[in-house]
Amino acid sequence: MNIINFTPISALTGGLLIGLSVALFFILNGRMIGISGIASNFLISKEKRIENLFFLVGLILGPTIYTFFLGQEIQITISNSLFLLIGGGALVGFGTRLSSGCTSGHGISGISRFSLRSIIATITFMIVGILTVSITNIL
Amino acid sequence: MNKIVSLFCGIIFGIGLVISEMINPAKVLGFLNLFDAWDPSLAFVMIGALIVSTPLFHLFKNKDKPLFNSNFSISANKEIDKKLIIGSVFFGAGWGLAGLCPGPAISSIALLNTSSAIFVISMFIGFYIASKTK
């Protein structure tokens, strides 16, 4: 194992903002953020649909506002394999709803509440994610 | 007021994803590439988020109600069942294949990237299928 591209300061700073968002949403609106929950409830449920929509719009506005005020282009590298994108997307969508949470819902909100369920979910998807990447690297 | 809070929290969350670079699938895959060339950065995203959200959650959870709502709604589900494990396995596999989880995927729509859009559409189809099979 070699360590590469390590950016602890920006990672920590971004993390603090994400934690602030989770805390404010709880203190003000009374809900714990889970993006898969917010997005799928927006799709399938009428309850709090506008509130959920506004969160998703904010999530998309975030990068736009960042670029506008800092004038920095956001560079990402993403696969263009249809198989990986469609397969990955479907697995993420189906899996997060089956387990009722994703990186934010279990990994941050759930662990904040010391939920054993979320701790187990987070360990599971981390291990499977690491195994998936390790196996794809060999193939 | 709830809607404005929602929009505001979404924006802060989205900016957090950009600054931490979690919005970049290559960065996420670097974190999951533990056994080869490992980029530990994303562990710091989680630490950063938890050191803010954990104390604030426990400080406010016993209050009568949130500031702009009549009650707190927190998941009461404590069951560690097959659904939790199988769902997490599926999610982990998809996360490892594309390097995207729901937050960064939706946020990256802002970059008008075709790959992100395809992923998000497929993810929403996954949400829909899961809602029909529950």
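In the predicted model, the interface between the two chains brings 105 residues of chain B into contact with 99 residues of chain A. The side of chain B that touches chain A draws at least two residues from each of several elements, namely the helices α1 (2–19), α2 (25–32), α3 (41–60), α4 (82–98), α5 (102–107) and α6 (114–133), together with the strand β1 (37–38). Of these elements, α1(B) provides the largest share, with 17 residues. When the residues on this side of chain B are sorted by class, 67 are nonpolar, 31 are polar and seven are charged.

The two chains are also joined through strand pairing, in which β1 of chain A, formed by residues 2–3, runs parallel to β1(B) and is linked to that strand by two bridges. Within this pairing, N2(A) has A37(B) of β1(B) as its bridge partner.

A local view of the structure is offered by F119(B), a residue of helix α6 of chain B. With 34 other C-beta atoms within 10 Å, F119(B) is buried, because the count for a buried residue is 20 or more. Apart from neighbours within four places in sequence, the contacts of F119(B) include residues from both chains, with L85(A), G88(A) and G89(A) contributed by chain A and A98(B), L100(B) and A105(B) by chain B. One of these partners, L100(B), stands 19 residues away from F119(B) along the chain, while the C-alpha atoms of the two residues are separated by 8.3 Å.

Notes
Residues are numbered from 1 along each chain as its sequence is written. Chains are lettered from A and ligands numbered from 1 in the order in which they are written. This is a predicted model: local features need pLDDT of at least 70, side-chain atom pairs count only at pLDDT 80 or more; totals for chains, interfaces and linings use all residues. Two residues are in contact if their C-beta atoms, placed from the backbone, lie within 7 Å. Helices (H or I, at least four residues) and strands (E, at least two) are DSSP runs, numbered from the N terminus. Ala, Val, Leu, Ile, Met, Phe, Trp, Tyr, Cys and Pro count as nonpolar, Asp, Glu, Lys and Arg as charged, and the others, Gly among them, as polar. Two strands pair if DSSP finds at least two bridges between them. A residue is buried if 20 or more other C-beta atoms lie within 10 Å of its own, exposed if 12 or fewer, and partly exposed in between; C-beta atoms are placed from the backbone.
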